[in-house]
Amino acid sequence: KKHRMTSSPLLSPTDTLLIFGDTGDGKTAQVGELAKHIHYTTGKKTRLYTADKGDAWGTIQHLINIGWIDLQRLTGDPWKWLSHAVQGQVLKDGQWVSSKEDIGLLVYEGLTSVAETLLIDGTDKVARGQHSGGEKRFTLGTEAGMVSSANQTDVWLIQLRMQKEVWASQNNGLPTIWTSALRRAQDDQNNPITGPEILGKAMTTAAPRWFKYSFRIEGIAEMNGEKRHVLHLGSYKDMMSGMVKVLGNARVPLDGGDVEIPNLIEPASVIEALKLLKAREKAAEAAVQQQK
């Protein structure tokens, strides 16, 4: 039996976190570990809003079954769903209502899948004549009905909407986590970079700045067929990809150097990363107090 505290020591209400990586690298598994931590320390649930398909939450299904994770799948109009989800609301009896009393963490999976869903919905609206604007599109009549392509204006609109909604999600009085797929792109100087994916490369360099912490999780295949998982705590050069810069941010305090922050944690553990960073924050505060 675990001792429950009144609040989690690792996640304050203002903490925001982005975890990004390729499919299968362990993003959802980290959500599960955090959900267990939240339950053990506060007795509360983690609410998971997801637009992912294909049973992407299978690794944490047992936590959903026992009620430690409250799964909220995208349903209906994705624009409306997103605007309510970032407020921490849930759909009950056809009405969106605030329901956060027993919630200790909000998780959104994720930047990539929500943006893609908005884009698909936008092209469907174009095909039905409910949306127009921007450059010319390609529209085709099929036996299943009209289909349409997107244009750059659609992409820009959704990218900006995602930025707005991410910021809105961070005003709930609860710690907030978003996940994202990986994007390999170029920065403004055409240098190769790796970061989160939000409909192309425009937001790849910007998105990590929206969060207090931005971590890349990476699954590395071994010769025996197994995979080891590592968590990178800041920007680094990826030797396996020709020294490409991988974005990230751990917001390490300048003071408190007695607590060293490693470049990566293996095996990957967001909980261990947060323990180190919170210890560094306390050490920094103590160091400044001693300098008075």
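In strand β16, Leu264 is the bridge partner of His232. His232 belongs to β13 (residues 227-232), and 2 bridges join β13 to β16 in antiparallel fashion. Helices (H or I, at least four residues) and strands (E, at least two) are DSSP runs, numbered from the N terminus. Two strands count as paired if DSSP finds at least two bridges between them.

This is a predicted model, in which local features need pLDDT of at least 70 and side-chain atom pairs count only at pLDDT 80 or more, while totals for chains, interfaces and linings use all residues. Residues are numbered from 1 along each chain as its sequence is written, and side-chain values use heavy atoms, with hydrogens and water left out.

Step back to the whole sheet. It is open and has 8 strands, in the order β3-β2-β6-β9-β1-β12-β13-β16, with mixed pairing. The edges are β3 (69-73) and β16 (264-265); each has a single partner strand, so one side of each is left without a neighbour in the sheet.

Helices lie across these strands. Helix α5 (residues 152-169) crosses β6 (103-109) and β9 (176-180), at about 150 degrees to β9. Helix α6 (residues 270-290) lies across β1 (16-20), β12 (213-221), β13 and β16, at about 140 degrees to β12. Axes here are lines fitted to C-alpha atoms, for helices over the stretch in contact, and angles run from 0 to 180 degrees between N-to-C directions.

Now look at α4 (residues 111-127). Its 17 residues reach 25 Å from first C-alpha to last, close to the 24 Å expected at 1.5 Å a residue. That expected span is 1.5 Å times one less than the number of residues. Of the 17 residues in α4, 13 are buried (under 20% relative accessible area; exposed is over 50%, partly exposed in between; 1.4 Å probe, protein chains only). Gly129, just after α4, takes a positive phi of about 80 degrees.

Helix α3 is mostly covered too, with 6 of its 8 residues buried. They are Pro78, Trp79, Trp81, Leu82, His84 and Ala85. Asp77 caps the N-terminal end of α3, with a side-chain oxygen 2.9 Å from the backbone nitrogen of Trp79.

Next comes the nonpolar core, a set of buried Ala, Val, Leu, Ile, Met, Phe, Trp, Tyr and Cys residues joined through side-chain atoms within 4.5 Å. The largest has 36 residues; among those that touch the most other members are Trp81, Leu82, Ile158 and Trp178. β1, α3 (78-85), β6, α4 and α5 each give two or more residues to this core. The largest share, 5 residues, comes from α4. Ile158 touches Trp79, Ala115, Leu118, Leu119 and Leu199, not counting residues up to four places away in sequence. A second, separate core of 31 residues includes Leu10, Leu233, Ile265 and Ala268.

Two single residues finish the tour. Glu165 lies in α5 and is buried at 2% relative accessible area. Its side chain makes a polar contact of 2.8 Å with that of Arg161. Beyond four places in sequence, Glu165 is in contact (heavy atoms within 4.5 Å) with Leu82, Ser83, Val86 and Trp178.

Phe211 sits in the loop between β11 (192-196) and β12. Phe211 is buried as well, at 2% relative accessibility. Outside its neighbours within four places in sequence, its contacts include Leu18, Val166, Trp178 and Arg251.

A polar contact, as used for Glu165 and Arg161, is a pair of N or O atoms within 3.5 Å; within protein, one must be able to donate a hydrogen and the other to accept it, and residues adjacent in sequence count only if both atoms are side-chain atoms.
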